[in-house]
Amino acid sequence: MPEYSELDKSVGRLIAGRLPGLELEAEHRQALADGILGGITLFAENCSDLEQLASLTADIVETSSHAPVLTVDQEGGAVQRFAGVLTPLPSPMALAATGSPETLAAVTRISAEQLKLLGFNCLLAPVLDVISNPSNPIVCTRSFGTVHQLCRNLGEIVARTISEVGLVPVGKHFPGHGATREDSHEDLAVSKVDLERLWGVDLAPFKDCLPVLPAVLTGHIWVQAVDEEPLPASLSKRVTTSILREYLGFDGIIMTDDLTMKGITGHYGMGEAAVMAIEAGADLLLVCGTYEESEEARRAIVEAVRSGRLSEARIAASLKRLKHRFGRRPQATSPSKNKGRFARLKKHIEVSRAISEEASLQAITATRGSARQLTGGPWKVIVPSHPRYSLDLARHLNERLEMPVEEIRYSLEPTFEEAEEIARSCRDSNCLFVTFRCLINREQMRVGQMVADACKGEKIAVTTDTPFDLDGLPDWPTVIASFDPSDQAMIALARVLSGELRARHSTYMQFLYEGLKRLREQSLK
C-alpha cells in the first residue's frame with residue numbers, strides 16, 4: 001500500500017467524491033480509510049431503499065479516518081435524490097407558491113432531520129438564485145422566484161432551519177445563476193448582467209444571507225461584468241476571493257459546484273480546474289465523477305504545492321475552515337447496529353409524509369381561468385415523455401375518477417407529424433394538455449396550439465415545471481401550475497382535478513410576472 005504524506009492527506013480533505021453504485025466500493029473505501037478523500041456526495045443511483053441507504057451512509061462515516069463531509073442535493077421537486085425513500089419534498093418554487101413561511105420551515109426541517117439521522121452533515125441548499133430568465137434551463141423551479149427580497153427571506157428561513165437541525169446549509173449558486181440561458185451541466189453558463197444589476201439583484205440574496213450561511217457554493221457561471229475573458233465563477237479569483245471573501249467579508253467554507261460538469265470539462269482538464277479552483281479561493285471541491293477524477297484533482301493540487309504554484313498556507317487555511325465546520329464525526333444510523341434509531345427514522349418518514357403532501361396541494365394554482373373537477377368525458381391527457389420524471393398524471397386521475405382517462409404521450413421535442421396526429425385524435429374529446437418547459441422545448445407549443453384548435457370539448461393545460469410555460473399556451477382558457485414535476489406534485493394535481501380540492505387562485509404568479517417586469521424595466525434604463 002502507498003504511504004501518504006501529510007500534504008497528500010491535507011489536500012485530499014479538500015475534495016468530495018462520488019460513488020459509482022449502492023455500496024462503498026474498494027477504491028473509495030481505501031481513500032477514505034487512508035484519509036486522502038474529504039467526503040462523498042450521494043446521488044439517486046446510490047440509493048435503492050432505506051435500509052441500503054442507511055447502511056451505506058453508516059459505512060462511509062465509519063470507514064473514514066476523519067470526520068467526512070457527507071452531502072446531497074436534496075432541494076425538493078426536480079432536484080431530490082431520495083424522493084422514493086425519504087419523505088418527498090415540494091420544489092422551492094412550489095413552497096414559495098404556498099405563501100406560507102411556516103410550511104417552508106416545516107418541510108425543510110423534515111428533510112434536514114431525516115438526513116441528519118442518516119449521518120449527513122451537509123445539505124446543498126438553499127438555492128438563492130433569482131429567476132430573471134423564464135427560459136432558464138437549470139434553475140427554474142429550484143428558485144423561490146423573480147424578486148430578490150423573496151429569495152433572500154425564504155432562503156434565510158431554509159438556511160436557519162437546516163442549521164438548527166445540525167447540518168451545514170450551503171447557499172448556491174454564487175454569484176447568481178438565474179439570468180443565464182445555458183445549463184452548466186452542458187456548457188459554461190454566461191451571465192450578461194451589468195454590475196448594478198449583479199449587486200442589486202443576482203448577488204443580493206447571497207449578500208444578505210451570508211450571516212446565516214456557513215458555506216457558499218460557486219457556480220460555473222461566467223460573469224461578464226467581472227471577468228473579461230470566459231472564466232467560471234468557480235475558478236475566478238475576482239468572484240471567489242475579491243468579491244465573496246474580501247469585499248463581502250465571508251469567512252465560511254467556499255465550495256465549487258461539481259467540477260465534472262461540462263461547463264468545466266469542456267474548457268479545462270480536471271487537474272488544472274482543481275488547481276485553479278484552489279487558487280481562486282475555494283475550500284472544498286465537489287468532484288462528482290469517477291474515483292480517477294477525484295485522484296487526478298488531488299494529485300494536481302499536491303503537485304502545485306510542491307512546485308510552489310500553491311502555498312501550504314493556502315491549503316492549511318481551507319483545511320482549518322473545513323475542520324471548524326466538519327470536525328465532529330456525524331452519527332449515522334446503521335440498521336443492524338442502531339435498530340432503535342433506524343426505527344425512529346422510519347417512523348419520522350411515515351408521519352411527515354402528510355405534511356409534505358399538504359404543502360404540494362397548497363401549491364397547485366390556477367394561473368389562468370378557473371380549474372374544476374374533470375367531468376363529462378371522455379378525457380385525453382396529452383403528456384410529454386420525460387427521461388427523468390414520470391409525469392404520470394393520467395394514472396393518478398384514473399385511480400380517482402369513475403370515467404376512464406386516456407393517456408397520449410408525446411416527445412419532449414415533437415415533430416410536426418407527431419403534433420398533427422395527436423391533434424387529429426383529440427377532436428372529439430375533452431383535452432388535458434401537459435407541458436414540461438415548452439419555452440425551451442418549443443415544439444411542445446406547436447402541439448398545444450394544434451390540440452387547442454382541434455379540440456371541440458373542454459380544454460385545460462397544466463404546466464408541470466416552470467409556470468412561465470403559461471406564455472406558450474395562449475389558446476388554453478384554463479391553465480394550472482404545479483411548480484414541480486415530481487410524482488408527489490402529480491398526485492396533488494390529480495386530487496385537484498378529481499374534485500377532491502379546488503386549485504388556489506394565488507397572487508404568487510402575478511408576483512412572479514411583476515418581478516420579471518421590474519427586472520426588464522431596470523435593464524432598459
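What follows is a working chat about a predicted model.

Me: Let's begin with strand E3. Which way do its residues point, and are they buried or exposed?

Reply: In this predicted model, strand E3 covers residues 69-72, with Val69 and Thr71 pointing one way and Leu70 and Val72 the other way, and all of them are buried. In a regular strand the side chains alternate between the two faces of the sheet.

Me: How does strand E2 join E3?

Reply: Strand E2, residues 39-42, runs parallel to E3 and is joined to it by four bridges, and within that pairing Ile40 has Leu70 of E3 as its bridge partner. Between the two strands the chain passes through helix H3, residues 50-63, in a β-α-β crossover that is right-handed.

Me: And what about E6, how does that strand pair with E3?

Reply: Strand E6, residues 122-123, pairs with E3 in the parallel sense over two bridges, and in this pairing Cys122 of E6 stands opposite Thr71.

Me: Cys122 is a cysteine, so how far is its sulfur from the closest cysteine sulfur?

Reply: The closest cysteine sulfur belongs to Cys288 and lies 11 Å from that of Cys122, which is too far for a bond. Cys122 itself counts as buried, because its relative accessibility is 0%, where the limit for that term is under 20%.

Me: How many disulfides does the count come to, then?

Reply: The count comes to zero disulfides. Cys455 is in none either, although the sulfur of Cys431, the nearest cysteine sulfur to it, is 3.2 Å away; the cut-off for a disulfide is a pair of sulfur atoms within 2.5 Å, so that pair is not counted. Cys455 counts as buried, at 6% relative accessibility.

Me: Changing topic: what is the strand order in the six-stranded open sheet?

Reply: The order is E13-E18-E17-E16-E14-E15, and the pairing within this open sheet is mixed. Strand E13 (365-368) and strand E15 (405-410) stand at the edges with a single partner strand each, so one side of each has no neighbour in the sheet. From one strand to the next the twist averages 25°.

Me: How does E13 pair with E18?

Reply: E13 and strand E18, residues 478-481, pair in the antiparallel sense over three bridges, and the bridge partner of Arg368 in E18 is Val479.

Me: Which helix packs on that sheet, and which strands does it touch?

Reply: Helix H17, residues 443-454, packs on the sheet and touches strands E14 (379-384), E15, E16 (430-435) and E17 (459-463), with its direction making about 170° with that of E16.

Me: What lies in the loop between E16 and H17?

Reply: Arg437 lies in that loop, and its phi is near 55°, a positive value in a residue other than glycine. Arg437 is buried, with a relative accessible area of 14%.

Me: Which residue in the loop between E14 and H15 should I look at?

Reply: Leu391 is found in that loop, which leads from E14 to helix H15 (393-398), and although it is not a glycine it has a positive phi of about 45°. At 0% relative accessibility, Leu391 counts as buried.

Me: Where are the cis peptide bonds around His173 and Pro175?

Reply: The bond from Lys172 to His173 is cis, with omega near 5°, and His173 is placed in strand E7, residues 168-174. The bond from Phe174 to Pro175 is also cis, with omega near 5°, and Pro175 is found in the loop between E7 and strand E8 (189-191).

Me: Now helix H5. What span should it have, and what is the distance between its ends?

Reply: H5 covers residues 101-118, and at 1.5 Å a residue its 18 residues should span 26 Å, which agrees with the 26 Å between its end C-alpha atoms. Its buried residues include Thr103, Leu104, Val107, Thr108, Ser111 and Leu118. An α-helix has 3.6 residues a turn, so residues three or four places apart point the same way.

Me: What follows H5?

Reply: Gly119 follows H5, and its phi is positive, near 105°.

Me: Last one: where is Ser318, and what does it touch?

Reply: Ser318 is in helix H13, residues 312-326, and is buried, with a relative accessible area of 0%. Leaving aside residues up to four places away in sequence, Ser318 touches Leu14, Ala282 and Asp283.

Methods
Residues numbered from 1 in each chain as written. Predicted model: local features only at pLDDT ≥ 70, side-chain atom pairs only at ≥ 80, totals over all residues. Heavy atoms only, no water. Buried < 20%, exposed > 50% of the residue type's maximum accessible area, 1.4 Å probe, protein only. Contact = heavy atoms within 4.5 Å. Pairing = 2+ DSSP bridges. Right-handed = clockwise from strand over helix to strand, strands pointing away. Axes fitted to C-alpha atoms, helices over the stretch in contact; angles between N-to-C directions. Expected span 1.5 Å × (residues − 1).
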